[in-house]
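Please open the structure in your viewer and keep the selection tool at hand. The stops below should be visited in order.

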Amino acid sequence: MPRGGASRGGLPGWGFSRVEGCRSGGRQPAATAPQPPHRGARPCRLTAAVTAGAALAAGADADAVGVVVGVAVGVAVGEASLRKADVGRAQARARRAGRSVSRMLTLLTGGAGFIGSHIVSALQSAGHTVRVLDALLPAAHGPDAVPPPLAEGVEWVRADVRDREAVARALRGCDAVCHQAAMVGLGKDFADAPAYVGCNDLGTAVLLAAMADAGTPSLVLAGSMVVYGEGRYECGRHGTVRPGPRRVADLDAGQFEPPCPVCGEPLVPGLVGEDAPVDPRNVYAATKLAQEHLAASWARATGGRATALRYHNVYGPGMPRDTPYAGVAALFRSALARGEAPEVFEDGRQRRDFIHVTDVAEANAVALAALAHRARPAGTLRAYNVATGHPRTVGDMAAALAAAAGGPEPRVTGQYRLGDVRHITARADRVQRELGWTARTSFARGVADFAHAPLRGSATSVA
Ligand SMILES: NC(=O)c1ccc[n+]([C@@H]2O[C@H](COP(=O)([O-])OP(=O)(O)OC[C@H]3O[C@@H](n4cnc5c(N)ncnc54)[C@H](O)[C@@H]3O)[C@@H](O)[C@H]2O)c1
Ligand SMILES: [Zn+2]
């Protein structure tokens with residue numbers, strides 16, 4: 001079990017033994033009436049990913065993990081040729097790996113949100129007991145939000161992560177925290193900065209302080225690719241370079257590609273790895289990076305373990321529709337739903353890594369399983385890109401969605417937003433190597449599904 005004992009190496013008085021005592025404090029009663037089943041659970045697929053991650057974390061070698069995946073999705077992928085002994089060993093390993101996860105109580109902040117609601121399904125499928133804490137932020141849910149329908153057994157706490165007492169209560173008995181709550185997107189203008197910093201950084205600090213107090217040993221943090229700023233670029237003469245922010249004059253002139261900062265020549269974009277220097281370029285990005293720094297400090301101070309999952313461009317059912325905080329795929333999807341052409345900024349050739357939300361949800365379940373098995377030394381934070389590793393352009397997304405929805409062709413407008421970076425695409429090999437997770441929803445299948453999927457209702461103003 002992940003409870004207790006994880007405080008080795010932590011500061012005196014910050015140990016985790018009190019978690020056992022907290023557990024006996026009992027679980028919070030769900031604040032809402034019995035809920036209908038949650039939509040969208042994909043137990044078989046999830047079991048495979050979680051099992052692989054957990055088995056890897058538990059010390060299984062890579063080949064054995066491959067076998068475990070085969071066992072879990074054996075029918076789908078036709079792994080009938082696996083040797084019986086291998087299967088037996090893999091199943092035993094998977095059972096050992098899955099045992100502790102299946103008894104975990106996990107606090108999921110932001111669980112009413114787009115990604116969080118998919119994580120609820122993923123964690124439940126993996127056997128976690130899930131307690132959702134969410135403020136139903138008006139910026140995300142509109143002014144009159146009601147609690148979302150949650151699956152049976154999911155506990156619901158409506159509270160703000162900045163509220164110390166509420167967070168301390170919600171943490172009682174929890175083995176791990178999956179921290180998704182945040183204000184997302186670029187916002188309207190700089191006046192949003194205090195709200196971003198409040199929700200994302202003060203909120204994270206309050207949560208971590210409460211975790212330190214309660215002795216909660218494990219944290220999975222929703223990170224973001226925005227911490228990298230512009231992605232990786234190569235200059236023919238100067239090798240790997242880091243272009244500065246793009247100039248307004250260049251953007252006004254339709255010159256969207258950042259030039260080499262040394263010689264001014266065109267650059268070739270590449271894939272960014274987790275060890276690339278960070279370079280947040282807007283308020284939201286700064287707050288997402290600060291969350292990681294805070295989580296790393298918490299881990300060092302308490303002997304806890306933290307995993308930051310740096311999501312790339314997440315899309316899928318339940319995305320918030322067109323607000324200044326919505327992702328580009330939702331803006332396109334909303335335009336098509338109105339019968340309008342998606343409007344593509346710049347020249348449409350901006351490169352992104354679009355990842356389906358169900359894959360992101362699975363990555364969270366796998367990361368929690370790895371933490372439960374203490375696959376890494378205590379007192380550390382490790383960051384992972386959560387991406388497909390296969391870049392697409394924003395124009396590709398608009399065109400694919402328009403085709404799948406049978407709507408009008410996208411219109412490339414040449415407009416731009418100063419806070420946007422040109423290209424940001426990632427290597428996804430670390431998460432595969434270390435956690436045994438890889439994205440499995442193809443762009444074609446994900447977009448076809450998203451073209452007809454429901455979006456979340458409009459939000460109005462910033463809280
Ligand atoms: N959507 C993406 O493409 C993307 C990409 C990278 C990272 N992320 C990260 O993923 C996480 C989830 O994002 P999402 O797209 O689901 O956004 P979302 O707005 O749909 O969900 C965020 C949830 O957090 C809640 N919340 C915000 N502030 C809160 C507070 N102070 N107290 C309690 N609850 C609060 C909101 O009510 C909302 O339900 C965020 O941390 C975000 O930074 C998202
Ligand atoms: Zn150069």
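Begin by selecting Ala428 in this predicted model. Setting aside neighbours within four places in sequence, Ala428 is in contact with Asn385, Ala387, Thr388, Gly389 and Ala439. Measure with the viewer from C-alpha to C-alpha: Ala428 and Thr388 are 6.3 Å apart in space, although 40 residues apart in sequence. Ala428 itself belongs to the loop between strand E18 (425-426) and helix H15 (429-435). Is this residue, Ala428, buried or exposed? Ala428 counts as buried because it has 23 C-beta neighbours inside 10 Å, and the cut-off for burial is 20 or more.

Now display the whole protein. There are 16 helices and 18 strands. Of the 463 residues, 52% count as buried. Among contacts with a separation of 6 or more, 81% join residues 24 or more positions apart.

Next, select helix H12, residues 328-337. How many of the residues of H12 are buried? Seven of its 10 residues are, and the helix is therefore described as mostly covered. The buried residues are Ala329, Ala330, Leu331, Phe332, Arg333, Ala335 and Leu336. They pack against strands E11 (313-315), E12 (343-344) and E14 (354-356), and against helices H14 and H16 (443-450). After H12 comes Gly339, whose phi is positive, near 80 degrees.

Keep H12 selected and add helix H14, residues 394-405. The two axes come within 10 Å of each other and cross at roughly 35 degrees. This crossing is right-handed. On the H12 side, the contact is made by Val328, Ala329, Phe332, Arg333 and Leu336. On the H14 side, it is made by Val394, Met397, Ala398, Leu401, Ala402 and Ala405. By type, the residues of this contact divide into 10 nonpolar, no polar and one charged. A general rule helps in reading such a list: an α-helix has 3.6 residues a turn, so residues three or four places apart point the same way.

The next selection is ligand 1. Which residues are closest to ligand 1? Of the 31 residues that surround it, the closest are Gly110, Gly113, Ala135, Ala182 and Val314. At least two residues of the shell come from each of helices H6 (114-126), H7 (138-141) and H9 (193-214), and from each of strands E5 (218-224) and E11 (313-315). H6 gives the most, with three residues. The shell divides into 17 nonpolar, 10 polar and four charged residues.

Turn then to the largest nonpolar core, which has 111 residues. Val132 and Ala295 have the most contacts inside this core. Its largest share, 12 residues, comes from helix H13 (residues 357-372). Select Ala295: apart from neighbours within four places in sequence, Ala295 is in contact with Leu208, Leu219, Leu221, Ala306, Ala308 and Leu381.

Finish with two loop residues. Glu346 is found in the loop between E12 and strand E13 (351-352). Its phi is near 55 degrees, a positive value in a residue other than glycine. Glu346 is buried because 22 other C-beta atoms lie within 10 Å. Arg374 is located in the loop between H13 and strand E15 (380-386). The phi of Arg374 is near 50 degrees, also a positive value in a residue other than glycine. With 17 other C-beta atoms within 10 Å, Arg374 is partly exposed.

Key:
Residues are numbered from 1 along each chain as its sequence is written. Chains are lettered from A and ligands numbered from 1 in the order in which they are written. This is a predicted model: local features need pLDDT of at least 70, side-chain atom pairs count only at pLDDT 80 or more; totals for chains, interfaces and linings use all residues. Axes are lines fitted to C-alpha atoms, for helices over the stretch in contact, and angles run from 0 to 180 degrees between N-to-C directions. Helices (H or I, at least four residues) and strands (E, at least two) are DSSP runs, numbered from the N terminus. A crossing is left-handed if the near helix is turned anticlockwise from the far one by less than a right angle, and right-handed if clockwise. Two residues are in contact if their C-beta atoms, placed from the backbone, lie within 7 Å. Ala, Val, Leu, Ile, Met, Phe, Trp, Tyr, Cys and Pro count as nonpolar, Asp, Glu, Lys and Arg as charged, and the others, Gly among them, as polar. A residue is near a molecule or strand if its C-beta atom, placed from the backbone, lies within 6 Å of it. A residue is buried if 20 or more other C-beta atoms lie within 10 Å of its own, exposed if 12 or fewer, and partly exposed in between; C-beta atoms are placed from the backbone. A nonpolar core is a set of buried Ala, Val, Leu, Ile, Met, Phe, Trp, Tyr and Cys residues joined through C-beta atoms within 7 Å.
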